[in-house]
Amino acid sequence: MNTVAEALDIKITKTAESRLAQTDFSNLPFGKQFSDHMFIADYENGEWKNFKILPYGEIPLSPAISALHYGQAFFEGLKAYKHPDGKIGIFRPYKNAERANKSAERLSMPELPEEIFVQSIAALVSLDRDWIPTQDNHSLYIRPFMFATDAALGVQPSSTYKFVVLTGPTGPYFSKNLKVKIENSFSRASEGGFGFAKAAGNYAGSLLPAREAVKEGYDQLIWTDAKEHAYVEELGAANIMFIIDGKLITPSTRDTILKGVTRDAVLTLANSWGIPVEERRISVAEVIEGIESGKLTEAFGVGTAATIAHIAEIGLDDKLYTLSDPAGREFSNRVFKALNDIRYGLVPDEFGWNYIV
Ligand code: PLP
Ligand code: COI
């Protein structure tokens, strides 16, 4: 049906009945609606094979697969946008392909050639193009993931895996400005661990602390370093950035922090605008002092699902700090618009970020 599918020799089985007409595009909470088709590939005998696009649905699996027992599983997240000329732009898929392989390596899983990652997504998105929503701030969320499928209970790397891609129409992950808590008891990731990987287990470990925070009225956590809980790392589902003294400051990436694709795009735009950028360690004390002195004028999350998410309030221990009114923030609102203009194909793509299908 299209050249990318032919290049990978993807066998396509189309759904007999599209669910598109029954889907309410005016109500698209994150991750609840799935498009008609999914992509699946198998890793066996040292190679990726059996490239298939099938109707979205259940996958028969043994209850003994090692992904379920020992967590050999990771995922990625990226988005496709409809452009005014009818073309589709997928935002920086090679960056996600690169990070997928970093996750795979750390979890002793097989490398996935970047072209398989990108072309499988392009073929799937092209087939389900009518699922891409067009209202403001909406897009097609793409969820590639890999998991171990050996039915064996020994603790060792699996010899077989599946790589699957799902897509679904969505609005932004957060529907409001965030009230976040600086977490200084639980840890998300430690040095020598795998916080930099998009490992399923990183998210499992974050659920209890996040639930505790939600009980206290927060939306998300700001994770801090595991050793001292003195330095800011990232949010639960996004990287974090601050404007302090007119400078854009974000924690430098390390083995405890996910190297976000959105983070990279925001830093690139800021640099191109001549805004001073600092990637370095940021202490909790510096953040609190910045709020108290008024030097910290903006705080926000940056991520694929989160987009640019303003932080309105920050809690530390029993104190709650209210930040500036998000509506009046200069940098985060500017970068939000600039990124959207590129993603939705409204301005020239000067950095070559859109992979056009
Ligand atoms: N940090 C965490 C823990 C995330 O889950 C995400 C979301 O993917 C990010 C950061 C942002 O990464 P990206 O911009 O590549 O989506
Ligand atoms: C993404 O932004 O793609 C993510 O993976 C965040 C997700 C954990 C909701």
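**Two helix pairs and a few residues**

Hello everyone! Let's start with K259: setting aside neighbours up to four places away in sequence, K259 is in contact (heavy atoms within 4.5 Å) with R99, N239 and T253. This is a predicted model, where local features need pLDDT of at least 70, side-chain atom pairs count only at pLDDT 80 or more, and totals for chains, interfaces and linings use all residues. Residues are numbered from 1 along each chain as its sequence is written, chains are lettered from A and ligands numbered from 1 in the order in which they are written, and side-chain values use heavy atoms, with hydrogens and water left out.

Where does K259 sit? Look in the loop between β13 (247-250) and α6 (261-272); helices here are DSSP runs of H or I with at least four residues, strands are runs of E with at least two, and both are numbered from the N terminus. Is K259 buried or exposed? With 54% relative accessibility, K259 counts as exposed (over 50%; buried means under 20%, partly exposed is in between, using a 1.4 Å probe and protein chains only). From K259 to G195, the C-alpha to C-alpha distance is 9.7 Å, although 64 residues separate them in sequence.

For a contrast, take E17, in the loop between β1 (11-12) and β2 (37-44). E17 is exposed, at 64% relative accessible area. Its C-alpha lies 46 Å from that of R254, with their places 237 residues apart in sequence.

Now for the helices. Two packed helices are described by the angle between their axes and the distance between the axes. Axes are lines fitted to C-alpha atoms, for helices over the stretch in contact, and angles run from 0 to 180 degrees between N-to-C directions.

At what angle do α3 and α4 pack? Helix α3 (residues 93-106) meets helix α4 (residues 114-127) at about 130°, and their axes are 9 Å apart. That makes α3 oblique to α4 (under 35 degrees is roughly parallel, over 145 roughly antiparallel, 65 to 115 roughly perpendicular, the rest oblique). Among the residues making this contact are P93, Y94 and N101 of α3, and E114 and F117 of α4. The contact divides into six nonpolar, three polar and three charged residues (Ala, Val, Leu, Ile, Met, Phe, Trp, Tyr, Cys and Pro are nonpolar; Asp, Glu, Lys and Arg charged; the others, Gly among them, polar).

Let's zoom in on N101, which belongs to helix α3. N101 is buried, with 15% relative accessible area. Beyond four places in sequence, N101 touches E111, L112 and E114.

On to the second pair. The axes of α6 and helix α8 (residues 330-343) come within 11 Å and cross at roughly 110°. That makes α6 roughly perpendicular to α8. The meeting residues include A265 and L269 in α6, and V335 and L339 in α8. Here the split is nine nonpolar, one polar and one charged.

What about the core? The largest nonpolar core (buried Ala, Val, Leu, Ile, Met, Phe, Trp, Tyr and Cys joined through side-chain atoms within 4.5 Å) has 46 residues, of which F39, W48, F117 and V125 touch the most other members. Helix α4 gives the most to this core, eight residues. Apart from it lies another core of 26 residues, among them I222 and I314.

One last detail: H229 has a positive phi, near 50°, and is not a glycine. H229 is in the loop between β10 (220-224) and β11 (232-235), and is buried at 18% relative accessible area. Thanks for listening!
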